[in-house]
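Trainee: I would like to go through this structure and ask how its descriptions are justified.

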Amino acid sequence: MKTCLHPKYLIPIEPAATVLQNHALVMQDEKILAVLSSADARQQYPDALHIELAEHALMPGMVNLHGHSAMSLLRGLADDLSLMDWLNNHIWPAEKKHVSEEFVFDGSVYAMAEMLRGGTTTINDMYFYHEAVARAGLHTGMRTIVGCSVLEFPTGYAADADAYLDKAMAAQQVFQGQSGVAFRLAPHAPYTVSDITFKKIVALADKHDMGIHCHIHESMDEVNDSLRDHGMRPLQRLHQLGLLSPRLIAAHMVHANEDEIQLLAQQGVHIAHNPASNLKLASGFAPIHAMQSAGVNVGIGTDGAASNNKLDLLGDLRMAALLAKAVSSNPTALNASKALEMATLAGAKALGLDQQIGSLVAGKLADIIAIDLSAIETLPLFDPVSQIVYAAGREQISHVWVNGRCLMAERQLLNQDAAQLKDKAIWWQQRITAA
């Protein structure tokens, strides 16, 4: 059956800075069939299901380019701390006690419900128990990129780097060919992964045509420690190891100098900008405007709920736009249209999915959200793109489709029970508190 959506505004992202009025989008099965005038849609598809969205903007679903979904169950556990204190003294000990396949599935499902309610339709994840993350994506309907974490030290999931890699490749085989799920190798960071392991990761990624996802240059401590231990900055070390390529998504990249920005551009590395997490952990201010001016592709991530603490990509893209202006002392830096592109098409490009998602174009997969702009907070309305970026809240996202399947309508999740989700979160809270 065909479904025809008739919004007040249609924001396709491609062509850039375009807003269409009196237009409709037609879906059939999992794909966008056409974008055309509302009058033509009614005439050409009289038997379709026609949905009126008279006060809404329609746009592509957003791509969360860096997250740790399961950590939603650790939201608020340890706040207002520096990155290494937060990791070493709070998060890693808590994960050692509690992280299991059950924890990862429940936490990922919970995070995905929050993200879907906020208009995020694709998550580029990074965590343990890879099959549990993939199952959570299939359970919720969220398009899921499973980042398979790799470290040198043991956790409850694996004993050493080779064991993490073996588990990653085994999980990929289990879900190979499964629609809506893909896998990436995710070395945690330069300070937790050895040269030998990085070389293995590059070889595996090349052999199996997999992407790589890694925290890089998140803090100055990371940079200074690398200078002390390796005699070079982390990015230079990774370049020598062959990691820098269009396969790589570098999460954070807060501390990048001019030479490194040029290197990122030359090597085609993609950046996952995490403005809220960077601010909360006092990691610094990423030079996003300089990166984009150099031709680096930059998307937006929330990071995990333990360091944000909201999985609110709409809020984070607003923050990204404002920070870019302040950091560059340029009020024209990262305008509203570009910010919206970062959260959609740029994220899709980083994942190698820009021919499938990220814009409302005939032939692409129907990952779509509708935003109700009739609220007090978003009137009067002169420019819908500006209003979405600078004024709208995630609570105004009314409908979500992934692969043409409606997962939320009028703010109600259609394939998940909100009461059960909240009960499960409280159960984990009590369990973690008791421990």
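Trainee: Why are α3 and α15 called oblique to each other?

Mentor: Helix α3 (residues 101–117) and helix α15 (residues 418–434) pack at an angle of about 135 degrees. Under 35 degrees counts as roughly parallel, over 145 as roughly antiparallel, 65 to 115 as roughly perpendicular and the rest as oblique, so α3 and α15 are oblique. Their axes, lines fitted to C-alpha atoms over the stretch in contact, are 10 Å apart. The crossing of α3 past α15 is left-handed, meaning that the near helix is turned anticlockwise from the far one by less than a right angle.

The model is predicted: local features need pLDDT of at least 70, and side-chain atom pairs pLDDT 80 or more, while totals for chains, interfaces and linings use all residues. Residues are numbered from 1 along each chain, and side-chain values use heavy atoms, without hydrogens and water.

Trainee: What makes the contact of α3 with α15, by class?

Mentor: Nine nonpolar, no polar and five charged residues. Ala, Val, Leu, Ile, Met, Phe, Trp, Tyr, Cys and Pro count as nonpolar, Asp, Glu, Lys and Arg as charged, and the others, Gly among them, as polar.

Trainee: Which elements give two or more residues to the lining of the largest pocket?

Mentor: They are β9 (181–187) and α13 (336–350). The largest share, four residues, comes from β9.

Trainee: What is the lining of the largest pocket by class?

Mentor: The lining has 10 nonpolar, eight polar and four charged residues.

Definitions and conventions
Axes fitted to C-alpha atoms, helices over the stretch in contact; angles between N-to-C directions.
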